[in-house]
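The following exercises concern the chain displayed below. Please attempt each task before reading its solution.

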Amino acid sequence: MDFTNIKCAEHTGQSSCLYCNKCEILVCPTCIAKVHKKHDLIEISDAYNIKVNKLKKGQSKMQKSNYKINAKKDELNKLVSAENIKYNKEKQNIRSHEETVKEQVEQYFKELKNKLEQSHETVLTSVKSDLNAISLFTTQKEDKITEVQNCIDLSNASEFFKDFKMIEKFTKTKNHKPSQATVHHQNLFQGILTNQTLDHYKMMETCQQK
Ligand SMILES: [Zn+2]
Ligand SMILES: [Zn+2]
């Protein structure tokens with residue numbers, strides 16, 4: 001850098017020869033004689049070097065500050081990546097768990113419905129069988145009632161006594177007893193429901209513990 005021929009801003013035709021530290025300006029011989037005689041005057045090159053060093057120090061401080069901020073930024077970015085990985089993994093776990101529980105619940109209710117259908121069918125089959133038996137029995141009984149009436153209505157004595165012998169036998173037959181099947185299946189039906197309810201609660205507890 002050339003420190004010669006620096007024109008004085010105040011005095012035309014004069015060149016600045018020194019730097020006034022107190023006023024922080026370049027000064028020419030006239031400036032010195034008029035104002036800065038007793039001020040702290042130094043060489044322009046020295047003043048320049050001092051100023052440049054001050055700037056460099058300030059610049060260095062700013063750079064260091066920037067490095068620190070950038071390091072912090074990197075740290076935060078790494079944290080974001082780690083958090084995203086953790087989040088996605090956890091999300092996947094929840095999804096997978098959700099699917100498993102859904103399948104189990106679906107399967108559980110499917111089995112529950114199947115058992116109900118089976119029990120229902122068993123009960124209905126049993127009741128229908130009883131109804132058929134009763135219907136058959138009633139029909140047979142009605143036929144016999146008619147036969148008895150026909151016998152009573154006979155006007156011929158020998159025919160009456162002949163018929164009476166035959167009819168007497170079936171008028172003594174016992175009454176129809178409905179089978180115990182209906183009662184038995186109803187109990188079984190209730191038993192299945194109770195066990196399934198217990199299983200249901202057990203399964204729900206297992207799911208919550210996971
Ligand atoms: Zn001057
Ligand atoms: Zn001065």
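**Exercise 1.** Determine whether Asn5 is buried or exposed in this predicted model, and describe its backbone.

*Solution.* Step 1: locate the residue. Asn5 belongs to the segment before S1. Step 2: apply the neighbour count. Asn5 has 7 other C-beta atoms within 10 Å, and a residue is exposed if the count is 12 or fewer. Asn5 is therefore exposed. Step 3: inspect the backbone. The phi angle of Asn5 is near 60°, a positive value in a residue other than glycine.

**Exercise 2.** Carry out the analysis for Glu24: where does this residue lie, and is Glu24 buried or exposed?

*Solution.* Step 1: Glu24 sits in the loop between S1 and S2. Step 2: its phi is near 55°, a positive value in a residue other than glycine. Step 3: Glu24 has 9 C-beta neighbours inside 10 Å, so this residue counts as exposed.

**Exercise 3.** Classify Ser16 by burial and identify the residues that Ser16 touches beyond four places in sequence.

*Solution.* Step 1: Ser16 is placed in the segment before S1. Step 2: there are 22 C-beta neighbours inside 10 Å of Ser16, and the threshold for burial is 20 or more. Ser16 consequently counts as buried. Step 3: leaving aside residues up to four places away in sequence, the contacts of Ser16 are Ile6, Cys8, Leu26, Val27, Cys28 and Ile44. Step 4: a further distance relates Ser16 to Thr30, which is 14 residues away along the chain; their C-alpha atoms are 9.3 Å apart.

**Exercise 4.** Establish the order of elements along the chain and the arrangement of its strands.

*Solution.* Step 1: count the elements. Four helices and three strands are present, and they follow one another from the N terminus as β-β-α-β-α-α-α. Step 2: assemble the sheet. The three strands form an open sheet in the order S2-S1-S3, with antiparallel pairing. Step 3: find the edges. Strand S2 (25-27) and strand S3 (41-42) are the edge strands, each pairing on one side only. Step 4: examine one pairing in detail. S1 (residues 18-20) and S3 run antiparallel and are joined by two bridges; Tyr19 has Ile42 as its bridge partner in S3.

**Exercise 5.** Describe how the helices H1 and H2 are placed against the strands.

*Solution.* Step 1: H1 (residues 29-36) lies across S1, S2 and S3, and runs at about 110° to S2. Step 2: H2 (residues 44-152) also lies across S1, S2 and S3, and runs at about 55° to S1. Step 3: take a residue of H2 as an example. Asp46 lies in this helix and, with 13 C-beta neighbours inside 10 Å, counts as partly exposed. The C-alpha atoms of Asp46 and Leu18 are separated by 9.6 Å, although these residues are 28 apart along the chain.

**Exercise 6.** Evaluate the span of H2 and explain why H2 lies largely in the open.

*Solution.* Step 1: H2 comprises 109 residues and reaches 158 Å from its first C-alpha to its last. Step 2: this span is close to the 162 Å expected at 1.5 Å a residue. Step 3: the number of buried residues among the 109 of H2 is zero, so the helix lies largely in the open. Step 4: consult the annotation. An unreviewed UniProt entry places a "coiled-coil region" at residues 87-122. In the model, residues 87-122 are 100% helix and 0% strand, with the end C-alpha atoms 52 Å apart.

**Exercise 7.** Identify the residues of the largest nonpolar core and relate them to the burial of the chain.

*Solution.* Step 1: the largest nonpolar core has five residues in all: Tyr19, Leu26, Val27, Cys28 and Cys31. Step 2: follow one member. Apart from residues up to four places away in sequence, Leu26 touches Ile6, Ser16, Tyr19 and Ile44. Step 3: set the core against the whole chain. Buried residues make up 3% of the 210 residues. Step 4: consider contact range. Of the contacts between residues at least 6 apart in sequence, 41% join residues at least 24 apart.

Terms used: Residues numbered from 1 in each chain as written. Chains lettered and ligands numbered in written order. Predicted model: local features only at pLDDT ≥ 70, side-chain atom pairs only at ≥ 80, totals over all residues. Pairing = 2+ DSSP bridges. Contact = placed C-beta atoms within 7 Å. Axes fitted to C-alpha atoms, helices over the stretch in contact; angles between N-to-C directions. UniProt positions renumbered as here; feature names shortened; annotations may be inferred. Expected span 1.5 Å × (residues − 1). Core = buried A, V, L, I, M, F, W, Y, C linked by C-beta atoms within 7 Å.
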